[in-house]
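Colleague: Could you walk me through this model and tell me what stands behind each label you use? I would like to hear the reasoning as well as the verdicts.

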Amino acid sequence: MGYALVLVRSASLNLEAFARATGTHPDLVRRLVALGVLDANRDAAGELWFATGQLAVMGRVQRLRAGFGINYAAVGLVTDLLDRIAVLEAALQEARRPGR
Amino acid sequence: MPGGPRADRRDFYEILDVPRTATQDEIQRAYRQLARQNHPDVNKDPGAEDRFKEISEAYDVLSDPQTRRRYDAFGPDFRQVPEDVDPEAFQRSRAGAGAGQAGGPGGAGGFGAGLGGDFGGINIEDLLGGIFAGRGFGPIRGADQEAELELTVEEAFQGGHRSVTLEGPDGRRTLDVRIPAGVTNGQRIRLAGQGGRGSEGARNGDLYFVVRIAPHPRYRVEGRDLYVDLPLAPWEAALGTSVAVETPRGEMKVKVPPGTSTGKRLRLRHHGLPHPRGNAGHLYAEVKIVVPAKLTDEERRLFEELATVSTFDPRRR
């Protein structure tokens with residue numbers, strides 16, 4: 001089996017399409033945007049648009065909620081902390097690398 | 001046991017690391033702690049998802065007193081035992097028949113032998129539909145996973161293919177990873193759809209290999225630049241010379257100008273690691289002046305003569 005490096009195309013999904021793709025209700029998606037958990041852009045008509053990368057963010061939110069019963073407001077804090085830890089771990093690994 | 005239950009299925013108490021006498025509170029505490037450590041969004045290790053699944057399965061069974069009683073009595077294949085079989089009566093009858101295994105490892109030692117043929121294919125995945133499914137959450141995309149990929153300087157230089165074996169939900173799998181020439185430390189190679197499994201038809205997560213270039217006896221790597229020691233005799237450094245330096249592309253001649261001291265870097269332009277979309281890094285030969293550990297009489301005489309004649313003071317400010 002061979003796998004090539006994949007170029008991710010940045011497409012956008014509107015609220016309905018995003019909710020459908022993640023199997024969630026648009027109201028929930030809207031609430032997560034309001035809580036700052038999901039990133040979205042608003043167009044001139046006021047409609048929300050989501051980058052495809054947000055599908056992975058939504059997956060993580062759903063798994064954290066399913067796994068730990070975390071409420072949606074706290075999920076934002078948990079994901080922020082996980083991201084910060086990932087950055088710190090990468091920096092730590094970089095600093096520990098021999099031959100520097 | 002062909003067609004029978006998985007022989008390697010671990011005991012649920014062992015998975016949660018609690019004694020068989022554990023209270024419901026202790027089981028809950030053990031589960032919470034292990035779930036926090038192995039949740040696929042907290043732990044990017046490709047094996048974590050399997051552990052999380054195992055922990056969740058164990059907890060699902062042991063957290064419900066009635067299911068736990070059935071598990072204790074009938075062992076790992078308790079789901080195949082009809083609901084109306086009374087666990088206590090079953091154990092009494094086993095004890096009476098001298099089977100005497102109750103309380104041993106793996107519960108009652110497995111019920112599968114007799115029933116395996118018809119029910120052997122049963123899989124907890126089918127019952128739970130993935131870790132997060134079946135709990136009213138709908139389809140959930142799989143988690144991204146990360147694994148380290150250690151490469152030699154030569155592999156990073158040339159690129160190529162590397163076969164990597166990982167433990168996954170369907171057992172071990174071997175992936176052929178294409179390494180682009182010129183990957184650097186910390187760079188991520190993405191294998192789309194090879195991460196955690198999505199539930200209910202949702203997309204799988206991606207698997208990322210984070211490149212780490214292994215320490216090399218000769219080269220030090222910084223970004224795309226390579227550093228190599230260039231040992232010189234004092235007279236070579238003072239008079240200048242031309243020496244061969246090994247590079248990943250083969251030997252290169254380097255001109256050492258007269259008056260070169262330790263620490264001076266001689267740059268071989270674009271002889272470092274290649275860049276897929278730009279200029280390659282450089283290779284720096286770092287001068288290190290080395291003296292003979294033991295001098296011959298003649299060398300000693302000449303050095304002494306040099307010491308008398310020379311007015312050079314390396315510590316002068």
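**Labels and the values behind them**

Modeller: Gladly! In chain B, 28% of the 317 residues are buried. Please keep in mind that this is a predicted model. Chain B has ten helices and eleven strands, and 58% of its contacts between residues at least 6 apart in sequence join residues at least 24 apart.

Colleague: And how is chain A built?

Modeller: Chain A has four helices and four strands, and from the N terminus on the elements run β-β-α-α-β-β-α-α. Of its 100 residues, 19% are buried. Among contacts in chain A with a separation of 6 or more, 48% come from residues 24 or more positions apart.

Colleague: What makes α3(A) and α4(A) roughly perpendicular?

Modeller: The axes of helix α3 (residues 53-68) and helix α4 (residues 72-96) of chain A cross at roughly 110 degrees. Angles of 65 to 115 degrees count as roughly perpendicular, so the label fits α3(A) and α4(A). Their axes come within 10 Å, and the crossing is right-handed.

Colleague: Which residues of α3(A) and α4(A) meet there?

Modeller: From α3(A) there are A:R60, A:V61, A:L64 and A:R65, and they meet A:V75, A:V78 and A:T79 of α4(A). By class, this contact of α3(A) with α4(A) has four nonpolar, one polar and two charged residues.

Colleague: How do you know that the length of α4(A) agrees with its number of residues?

Modeller: α4(A) has 25 residues, and at 1.5 Å a residue they should span 36 Å. The expected span uses one less than the number of residues. The end C-alpha atoms of α4(A) are 36 Å apart, so the two values agree.

Colleague: Why do you say α4(A) lies largely in the open?

Modeller: A residue is buried if 20 or more other C-beta atoms lie within 10 Å of its own. Of the 25 residues of α4(A), the number that are buried is one, so α4(A) lies largely in the open.

Colleague: What about the other helix pair in chain A, why are α1(A) and α2(A) called roughly perpendicular?

Modeller: Helix α1 (residues 15-22) and helix α2 (residues 26-34) of chain A have axes that come within 9 Å and cross at roughly 105 degrees. The range for the label is 65 to 115, so α1(A) and α2(A) are roughly perpendicular to each other. Their contact is made by A:L15, A:E16, A:F18 and A:A19 of α1(A) with A:P26, A:V29 and A:R30 of α2(A). The residues of this contact divide into five nonpolar, no polar and two charged.

Colleague: Over to chain B, then. What is the angle between the axes of α2(B) and α3(B), and what is their relation called?

Modeller: The axes of α2(B) and helix α3 (residues 48-62) of chain B cross at roughly 165 degrees and come within 9 Å. Angles over 145 count as roughly antiparallel, so that is the label for α2(B) and α3(B). The crossing of α2(B) and α3(B) is left-handed. On the α2(B) side, B:I27, B:Y31, B:L34, B:A35 and B:N38 take part, and on the α3(B) side B:A48, B:R51, B:F52, B:I55, B:Y59 and B:L62. This contact has nine nonpolar, one polar and one charged residues.

Colleague: What makes B:D17 worth pointing out?

Modeller: Most residues other than glycine have a negative phi. B:D17 is not a glycine, yet its phi is positive, about 55 degrees. B:D17 sits in the loop between α1 (12-16) and α2 (24-38) of chain B. With 12 other C-beta atoms within 10 Å, B:D17 is exposed, as 12 or fewer meets the cut-off.

Colleague: Is B:H270, with its positive phi of about 60 degrees, exposed or partly exposed?

Modeller: B:H270 is partly exposed, with 13 other C-beta atoms within 10 Å. Exposed would need 12 or fewer, and buried 20 or more. B:H270 lies in the loop between β10 (265-268) and β11 (283-289) of chain B.

Colleague: And why does B:P139 count as partly exposed?

Modeller: B:P139 has 19 C-beta neighbours inside 10 Å, and buried begins at 20. B:P139 is found in the loop between α7 (124-128) and β1 (145-151) of chain B. Leaving aside neighbours within four places in sequence, B:P139 is in contact with A:G23, B:G198, B:S199, B:E200, B:G201 and B:A202.

Technical notes: Residues are numbered from 1 along each chain as its sequence is written. Chains are lettered from A and ligands numbered from 1 in the order in which they are written. This is a predicted model: local features need pLDDT of at least 70, side-chain atom pairs count only at pLDDT 80 or more; totals for chains, interfaces and linings use all residues. Axes are lines fitted to C-alpha atoms, for helices over the stretch in contact, and angles run from 0 to 180 degrees between N-to-C directions. Helices (H or I, at least four residues) and strands (E, at least two) are DSSP runs, numbered from the N terminus. Angles under 35 degrees count as roughly parallel, over 145 as roughly antiparallel, 65 to 115 as roughly perpendicular and the rest as oblique. A crossing is left-handed if the near helix is turned anticlockwise from the far one by less than a right angle, and right-handed if clockwise. Two residues are in contact if their C-beta atoms, placed from the backbone, lie within 7 Å. Ala, Val, Leu, Ile, Met, Phe, Trp, Tyr, Cys and Pro count as nonpolar, Asp, Glu, Lys and Arg as charged, and the others, Gly among them, as polar.
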